[in-house]
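Reader: I have a structure open and do not know how to read it. Can we go through some features together?

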Amino acid sequence: MKQRKLLLLLMVCTLVMTVLAGCGSKKDKYDTVLENKKIVMATSADYPPFEFHKDIDGKDQIVGYDIMVAQEIAKDLGVELEIQDMKFDVVLESINKGNVDMALAGIDRSPEREKAMLFSDIIYQAEVGVLVRAEDADKYKAIEDLKGKKVGVQSGSTFEEVLKQIPDAQADRLPKVNDLVLSLETNRVDAVLVEKPVAAAYASNNNKVTVSSIALKPIGDGYSVAIPKGSDKLKDAINKTIKRLKDEGKLDQFITEANALSESQ
């Protein structure tokens, strides 16, 4: 009987040690990226000038500010960049689960998100843009003008929190910005909250909408690269690239080039 108990105890200990070893062997995404010679990026390519689809030489490509930054990260790591396009809420889920190596999709850091993922240094300072119908430009000039109105926001974005600055506003949440703008055009919402350069990009390509002078405060300081938890080495490598781009003035250059690309849609 004692021998059986001892054998059972040894088996349990072996199982526990195996589980612990498995937990401890989880790799930093940095190591995985170098082994695979590829970094997989999640994005939601409906957010010009940060990420959007564009026909270039007859081929549909995902381009934009975030893509330019991602290409530099891949270049510094000496690996290929693979872009996976998905809905914004799925982007966040993919990072939480570690299904991708990084995400660039106009992502604000927030206390809630920081519990689930790592964030790089800021790559773009946040500004809130308010899109309204061009015919309503004189109607909506201050926050109070939108009181009780129906306002579109991208589901899963921090603009859901920004919306709370508008008294009694009714939220219309959709996963894609294109659909939000269509809702605005067809009078299903009275305004849409997006990043200011995004609002400007849509307005420059659509004379039915315009950027309002309404001023709202962003929730976060700006956009960052999101990275799965436990990948501090990859975070450090990404921050090294971001510092280089800032020192070289490349980030300002990228936003100018991305805006020009989106305006030529």
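Reader: Let me begin with a helix. How many of the 13 residues of H3 are buried?

Author: One caution before that: this is a predicted model. Ten of the 13 residues of H3 are buried, so read it as mostly covered. Among them are Tyr65, Ile67, Met68, Val69 and Leu77. Charged residues are on the list too, including Asp66 and Glu72.

Reader: Which way do residues point along a helix?

Author: An α-helix has 3.6 residues a turn, so residues three or four places apart point the same way.

Reader: What span should H3 have, and what does the model show?

Author: Work it out at 1.5 Å a residue. Helix H3 covers residues 65-77 and should span 18 Å. Its end C-alpha atoms are 19 Å apart, which agrees.

Reader: What follows H3?

Author: Gly78 does. Its phi is positive, near 75°.

Reader: Now the rings. How many aromatic pairs are there?

Author: The idea is to check how far apart two ring centres lie, then the angle between the planes. The count comes to six aromatic pairs. Take Phe50 and Tyr65. Their centres are 5.8 Å apart and their planes stand at 85°, an edge-to-face pair.

Reader: Where do these two sit in the chain?

Author: Phe50 is in the loop between strand S2 (46-47) and strand S3 (51-56). Tyr65 is in helix H3. They are 15 residues apart, and the pair links distant parts of the chain. Both Phe50 and Tyr65 are buried.

Reader: What kind of pair do Phe50 and Tyr124 form?

Author: Their centres are 5.0 Å apart and their planes are at 75°, so this pair is edge-to-face. Angles over 60 degrees count that way. Tyr124 lies in strand S7 (residues 117-125), 74 residues from Phe50. Tyr124 is buried, and so is Phe50.

Reader: Which residues do the ring pairs link into a cluster?

Author: The cluster holds Tyr47, Phe50, Tyr65, Tyr124 and Tyr223.

Reader: Next, the sheet. In what order do its strands lie?

Author: To read a sheet, list the strands by neighbour. Here five strands form an open sheet in the order S5-S1-S6-S13-S7, with mixed pairing. Strand S5 (80-85) and S7 stand at the edges. Each has a single partner strand, so one side of each is left without a neighbour in the sheet. Neighbouring strands are turned by 30° against each other on average, direction ignored.

Reader: Which strands pair in parallel, and which in the antiparallel sense?

Author: S1 and S5 are parallel, over six bridges. Ala42 stands opposite Gln84 in S5. S1 and S6 also run parallel, joined by two bridges. There, Met41 has Met102 in S6 as its bridge partner. Strand S6 (residues 102-108) and strand S13 (residues 222-228) are antiparallel, over three bridges. Ile107 has Ser224 in S13 as its bridge partner.

Reader: Which helices touch this sheet?

Author: Look at which strands a helix meets, then at its direction. Helix H4 (residues 88-97) packs on the sheet and touches strand S1 (38-43), S6, S7 and S13. The direction of H4 makes about 130° with that of S6. Helix H9 (residues 232-247) lies across S1, S6, S7 and S13. H9 runs at about 10° to S7.

Reader: Why is S1 called largely enclosed?

Author: Count its buried residues. Five of the six in S1 are buried, so the rest of the structure largely encloses this strand.

Note on methods: Residues numbered from 1 in each chain as written. Predicted model: local features only at pLDDT ≥ 70, side-chain atom pairs only at ≥ 80, totals over all residues. Heavy atoms only, no water. Helix = DSSP H or I, 4+ residues; strand = E, 2+ residues; numbered from the N terminus. Expected span 1.5 Å × (residues − 1). Buried < 20%, exposed > 50% of the residue type's maximum accessible area, 1.4 Å probe, protein only. Phe/Tyr/Trp six-rings, centres within 6.5 Å; stacked < 30°, edge-to-face > 60°. Pairing = 2+ DSSP bridges. Axes fitted to C-alpha atoms, helices over the stretch in contact; angles between N-to-C directions. Contact = heavy atoms within 4.5 Å.
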